[in-house]
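Let's take a walk through this one together, starting with the contacts and surfaces and then working towards the odd corners of the backbone. Keep the viewer open as you read.

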Amino acid sequence: MRVLVCVKRVPAPGAKINITEDGQSVDATNLGHTMSPHEECALELAVQLIEAHGGESHVLTLGTAEADEQCRWAASIGISKATLVDAGSMDWDPQRTASAITDSIRSIEEADGGFDVMIFGNESADTGGFQVGVRVSRALGRPMVNAIKGVEVDLEADGKGATLEARRETDNGFEVYQLPMPCAIGVKEGITWPRYPTMRGRLASKKLAVDVAVSDAVPGGQMKVRLNRPEEKVSETVILGHGSEAAPAVVELLKELGLMS
Amino acid sequence: MSVLVVIEHDRDQLADASLEALAFAADVAAQLGVDVEALLIGVDAVSLADECAAHGASTVHHVADASLTDYGPDAYGGAVASAAGVLSPSAIVASGSDRGNEVLAYAAAELDLPFVANCLAVKTADDWEMTRVQWGGSLNEEARLASSMPILSVASHAAEVAEPVTGATATVQTLEVTLPESATATMIQDRIVLSEGVTLATAPVVVGGGRGVGSAEGFEVLEALAAKLGGIVGCSRAVTNNGWRPHADQVGQTGTRIAPQLYIACGISGAIQHWVGAKAAKKILAINTDPAANMVVKADYAVIGDLFDVLPAITDIT
Ligand SMILES: Cc1cc2nc3c(=O)[nH]c(=O)nc-3n(C[C@H](O)[C@H](O)[C@H](O)COP(=O)(O)OP(=O)(O)OC[C@H]3O[C@@H](n4cnc5c(N)ncnc54)[C@H](O)[C@@H]3O)c2cc1C
């Protein structure tokens, strides 16, 4: 089978996220880059599906040329092919992003054959637009469900054709979808437990030929004006004490809050 | 003209987030000088009409298509797009939940219009201006929107639910929609119930553990205190990454957002991605060896010390 994973390169902030002076982006000085944990799990899922069913996995990213690093990371854990749509920016709006990704998938599929499963992260770590996967899937005419935390692929589901069972977490369990393949899912962290690259994987990733594409997709209707840090309530922290001697003060607090009698 | 609110429900159980969406829509509608109307999808969902009226919807449009007995994103998104065609609302609003965002993404894709997810505030003008959530709540984005029919979801807790108007009854209008042929492919086929009762999202007390807990076994001291308080154990991503707890226990941007009366954060440094999942807690008590840890600085209360000394001492006398 053929599996595609879409990932987005983002800065990896620490305890605080700083904004550049012009308010246009996260100040990434001294920061490394990463992708959303949702997408790390998506890559792992693709590798597992290929291990179980055979075939080929492909990673696709849209962003700046530096997203080459995320393609190579994907290869280091076992993804076989990579396409980078060089947008020269990390800031394309959701409609433009979806349209560029759709075009890119069409040309990959023309060359290599259709994808049985396309995997997206539930939402990107930074802009969190919650829509690129759905837009791409609709444009390509494939069913898509988001917020998925469990999958099982059945390539010969009794006469129904290949089916992907997708599970979404609810307050008390799961709801289950049965998607006819080819299909798409948006996954959440926890669906898999990403492996670390092996030495062999790292070496192989250096040799990966990342296919760089460009796009003439036009901007959509949503425009970023600037970023702000949300106001935080600043409260003095009341120090209840040090070590085990603080226990009585904690119990007082629990009583005060009505959490014990 | 109206602001049309897509009501989220699960087999006719109203989702609380829908009330926030109605409250948010009331503000948008007031700016535009139009009414709030609700869209109820599903044959039996009409039972929710009066509740929608009590929360500000003047008219309820009911989609009673027999194939819509359960949820499916394509079916719901298709119904919204079709309703938009018939009703020509000034804007479409839903809650910024898994389902709300998914349905609006489907509808926006179908209508070929922008969709702005997780808004905190909106100013209506020729180009609408909105404040929306980025980085799971760590940052806000000021955005501008050029659209003939703004479609937006409401970030969790962005609007305060208004007191319901007692005795309100809705004007219900049945709405015929055309659903996409593909709709059946994404309908819910089954449900699996794993646990009833307290969940991380609804627990009154959450005892959270981070890297400072050191091992899976280390969580016993957290479990012991949680049990005494009728609470539940949560954790940071450092913990799930180490395989000490399942991901279902993770609090944060890519885990669960909690809102307990008290969050006791033990051995958690308070990285921004963890904080955004914990900040809706009414009170936070940090237990940490490092008085300068972000969690300690931001918490309402703190105990400075080793969690393996502090927690058993508390549990002993509760
Ligand atoms: C896109 C993205 C999404 C993310 N999503 C999430 C998320 O959903 N949830 C999440 O939690 N993280 C998330 N993270 C990761 C986050 O940035 C942090 O890495 C993580 O929260 C750190 O976990 P921690 O506080 O347990 O560990 P650390 O940062 O290592 O902190 C350990 C703390 O324990 C204290 N300590 C050590 N020993 C003891 C002891 N014996 N007694 C008391 N205190 C002790 C230390 O002083 C320290 O403060 C995300 C990251 C990214 C990039």
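Two residues are in contact here when they have heavy atoms within 4.5 Å of each other. Bear in mind as well that this is a predicted model.

With that cut-off in hand, begin at B:Thr199. Leaving aside residues up to four places away in sequence, B:Thr199 touches A:Asp171 and B:Ile232. You'll find B:Thr199 in the loop between strand 12 and strand 13 (205-209) of chain B. Is B:Thr199 buried or exposed? Its relative accessibility is 14%, and because buried means under 20%, B:Thr199 counts as buried. For a sense of distance, pick B:Ile92, which is 107 residues from B:Thr199 along the chain; the two C-alpha atoms are separated by 31 Å.

Now move to strand 12 itself, residues 188-193 of chain B, where B:Asp190 sits. What does B:Asp190 touch, not counting residues up to four places away in sequence? The partners are A:Phe174, A:Glu175 and A:Val176. B:Asp190 has 43% relative accessibility, so it counts as partly exposed. Measure from B:Asp190 to B:Leu14, C-alpha to C-alpha, and you get 20 Å across a sequence gap of 176 residues.

Time to step back and look at the chains as wholes. Chain A contains 6 helices and 13 strands, while chain B has 9 helices and 17 strands. Taken along the principal axes, the C-alpha atoms of chain A fill a box of roughly 70 × 50 × 45 Å, and those of chain B fill one of roughly 65 × 40 × 40 Å. Chain A has 261 residues, of which 52% count as buried; for chain B it is 58% of 318 residues.

How do the contacts spread along each sequence? Consider contacts between residues at least 6 apart in sequence. In chain A, 70% of these join residues at least 24 apart, and in chain B the corresponding figure is 63%. As for the surface, chain A has about 11,600 Å² accessible, with 50% belonging to carbon and sulfur atoms. Chain B exposes about 11,700 Å², and carbon and sulfur atoms supply 49% of that.

Charges are worth a look too. Chain A carries 26 positive and 38 negative charges, and their mean positions are 2 Å apart. In chain B there are 15 positive and 38 negative side chains, with the centres of the two sets 10 Å apart.

Next, zoom in on helix 4 of chain A, residues 132-139. Which of its residues are buried? They are A:Gly133, A:Val134, A:Arg135, A:Val136 and A:Ser137. Within chain A, the buried residues of this helix pack against helix 3 (94-112), strand 6 (117-121), strand 7 (144-154) and strand 10 (183-187). They also pack against helix 4 of chain B. After helix 4 of chain A comes A:Gly141, with a positive phi near 70 degrees.

That helix 4 of chain B, residues 98-111, turns up again when you go looking for empty space. Rolling a probe the size of a water molecule over the atoms shows where empty space is left. The search gives 2 cavities of 30 Å³ or more, and the largest holds about 80 Å³ of space. Its lining is made of B:Val6, B:Ile7, B:Glu8, B:His9, B:Tyr71, B:Tyr76, B:Ala94, B:Arg99, B:Gly100 and B:Val103. Helix 4 of chain B gives the most to that lining, with 3 residues.

Last stop: the backbone. Most residues other than glycine have a negative phi, and most peptide bonds are trans. B:Arg11 is not a glycine, yet its phi is positive, at about 40 degrees. B:Arg11 lies in the loop between strand 2 (9-10) and strand 3 (13-14) of chain B, and with 46% relative accessibility it counts as partly exposed. B:Asn118 isn't a glycine either, and its phi is about 55 degrees, again positive. This time the place is a strand, namely strand 7 (residues 116-123) of chain B, and B:Asn118 counts as buried at 9% relative accessibility.

Finally, check the peptide bond from A:Met181 to A:Pro182: it is cis, with omega near 5 degrees. A:Pro182 lies in the loop between strand 9 (173-180) and strand 10 of chain A.

Terms used:
Residues are numbered from 1 along each chain as its sequence is written. Chains are lettered from A and ligands numbered from 1 in the order in which they are written. Side-chain values use heavy atoms; hydrogens and water are left out. Helices (H or I, at least four residues) and strands (E, at least two) are DSSP runs, numbered from the N terminus. Buried means under 20% relative accessible area, exposed over 50%, partly exposed in between (1.4 Å probe, protein chains only). Accessible areas come from the Shrake-Rupley method with a 1.4 Å probe; for residues, only the protein chains shown count as cover. Lys and Arg count as positive and Asp and Glu as negative; His and the chain ends are not counted. The place of a charge is taken as NZ of Lys, CZ of Arg, CG of Asp or CD of Glu. On a 1 Å grid over the protein atoms alone, a cavity is a set of points where a 1.4 Å probe fits but cannot get out, and a pocket is an open set with protein on both sides within 12 Å along at least five of seven lines; lining residues have an atom within 4 Å of a point. Grid points are joined across faces, edges and corners, and a volume is the space filled by probe spheres set on the points.
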